[in-house]
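Reader: I would like to learn how to read the surroundings of a ligand and of a single side chain in a model. Could you take me through the features one at a time?

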Amino acid sequence: MQDLAQKRIVLGLTGGVACYKIAELVRRMTEQGATVDVVMTEAATQFITPVTMQALSGRPVFVSTWDARIANNMPHIDLSRGADAILVAPASTDFMAKLAHGMADDLLSTLCVARACPLLVVPAMNREMWANPATQRNAAQLVEDGIAILGPAAGDQACGEIGDGRMIEPHEILADLIAFFQPKPLAGKRVLLTAGPTVEPIDPVRVISNRSSGKTGYALARAAREAGAQVTLVSGPTSLPAPRGVDLYPVQTARQMHQAVMAQARQVDLFIAVAAVADWHVRNAAAQKMKKTEGGAGAPVLEFEPNPDILADVARLEGGPWCVGFAAETENLSEYAQAKRKRKNIPLLVGNLAHEVMDADDTRLVLFDEQGEHALPAAGKLDAARRLIAEIATRLPR
Ligand code: CTP
């Protein structure tokens, strides 16, 4: 599914080196189904040409207030009226100052003042410009006026300096824009999740693990954040990037995951255990690398000791969070899932068939609760995650 289908976005560019990254952003926005009307300040056209932006957006680009291509000659009204949002990226120091004071001396600033839709700005500037008290004052004013500020990030700057003020990356802008349009049923809630596999050492170079990719847990963390929650993700090793805006705690073993979760579980409203936690760890793990012997004689014998059950321990906490468990089964899903839900004493357990989900992009989820069984339609992991978060939000105690 395209995340920006039927959305019309006015994308404003102001003067800054980061303009070169906006070409990529326009591509990603149109891929997600957005109609993108690009408006540039004169300064922005010094950094990237309207020709490039027109080619990528597939639509006329506007720079001048006096552009006669709009029938009534009022581009500042026309462009903003049909828009679902105006996104200004990069937003220069000067442009933020203009916005804070309601100035309207070019097409983009006039459009912003005349708007009847949400406005999001993505600052991009040198660290001293961002730290300047006037810029900070203006940024605070924009927030007070209900304007969303995305970023800025810290790091290397085009000028060679290092610090706060650089524009967040195009994929992060896109994630924030998509999140902006998602419903917010978890606003004000704190959510803790586990995801991925755990790895249990045999010796310093060998481990026992499983084939969990972490995709479902990461998609749920993203969906929970999109739904307005403050999200912490305790994750075993995966090849996935941290979801935008989510606090990520990487761990290796089940016992580390247990410790990280128990340290935070009392402070959250909702705990979702998605991790494929190893049930056992090797009691006699070797301190040094094991060596093979001639002819394979004397193969190591591993002794196992059970790992703590993280979900069951959180569910046992007095005054603890509302708990959701996952069960990947290879057969008898309904029977095993309901039994597991009761055994772990949790209100909701989400089941799926292991061979359908391991490393796959699509998933088919079935909810098991006190009322019985409720199958969700098969979908991509992110769509399924959003749907599941919506289902959880309706069940979460007020
Ligand atoms: N879980 C957990 N800690 C464990 C084991 C499981 O938090 N040590 C959580 C998983 O994240 C999942 C749920 O419990 O949400 C079900 O895990 P699963 O391993 O399938 O259940 P088990 O109780 O181990 O049952 P079985 O191995 O018999 O399927």
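Reader: Which backbone oxygen lies 3.3 Å from a polar atom of the side chain of Gln 338?

Author: This is a predicted model, and a polar contact is read from a pair of N or O atoms within 3.5 Å. Here the backbone oxygen of Asp 369 lies 3.3 Å from a polar atom of the Gln 338 side chain, and Gln 338 itself is found in helix α12.

Reader: Is Gln 338 buried or exposed?

Author: The cut-off for buried is under 20% relative accessible area. Gln 338 has a relative accessible area of 17%, and therefore counts as buried.

Reader: Which elements give two or more residues to the shell around the ligand?

Author: The ligand sits in the largest pocket, and the elements that give two or more residues to its shell are α11 (310-316), β16 (322-329) and α12 (333-344). The largest share, three residues, comes from α12, while the shell as a whole divides into eight nonpolar, one polar and five charged residues.

Reader: Where do polar atoms of the protein approach the ligand, and at what distances?

Author: A backbone N or O atom of Ala 273 lies 2.6 Å from a ligand oxygen atom, and one of Pro 308 lies 2.9 Å from a ligand nitrogen atom. From a side chain, an N or O atom of Arg 343 is 3.4 Å from an oxygen atom of the ligand. Taken on its own, the ligand has 570 Å² of accessible area, of which the protein covers 77%.

Technical notes
Residues numbered from 1 in each chain as written. Predicted model: local features only at pLDDT ≥ 70, side-chain atom pairs only at ≥ 80, totals over all residues. Heavy atoms only, no water. Polar contact = N/O pair within 3.5 Å; in protein donor to acceptor, adjacent residues only side chain to side chain. Areas by Shrake-Rupley, 256 points an atom, 1.4 Å probe, with all protein chains shown as cover. 1 Å grid on protein atoms, 1.4 Å probe; cavity = no way out; pocket = protein on both sides within 12 Å on 5 of 7 lines; lining within 4 Å. Sits in = over half its atoms within 2 Å of the grid points. Helix = DSSP H or I, 4+ residues; strand = E, 2+ residues; numbered from the N terminus. Nonpolar A, V, L, I, M, F, W, Y, C, P; charged D, E, K, R; others polar. Buried < 20%, exposed > 50% of the residue type's maximum accessible area, 1.4 Å probe, protein only.
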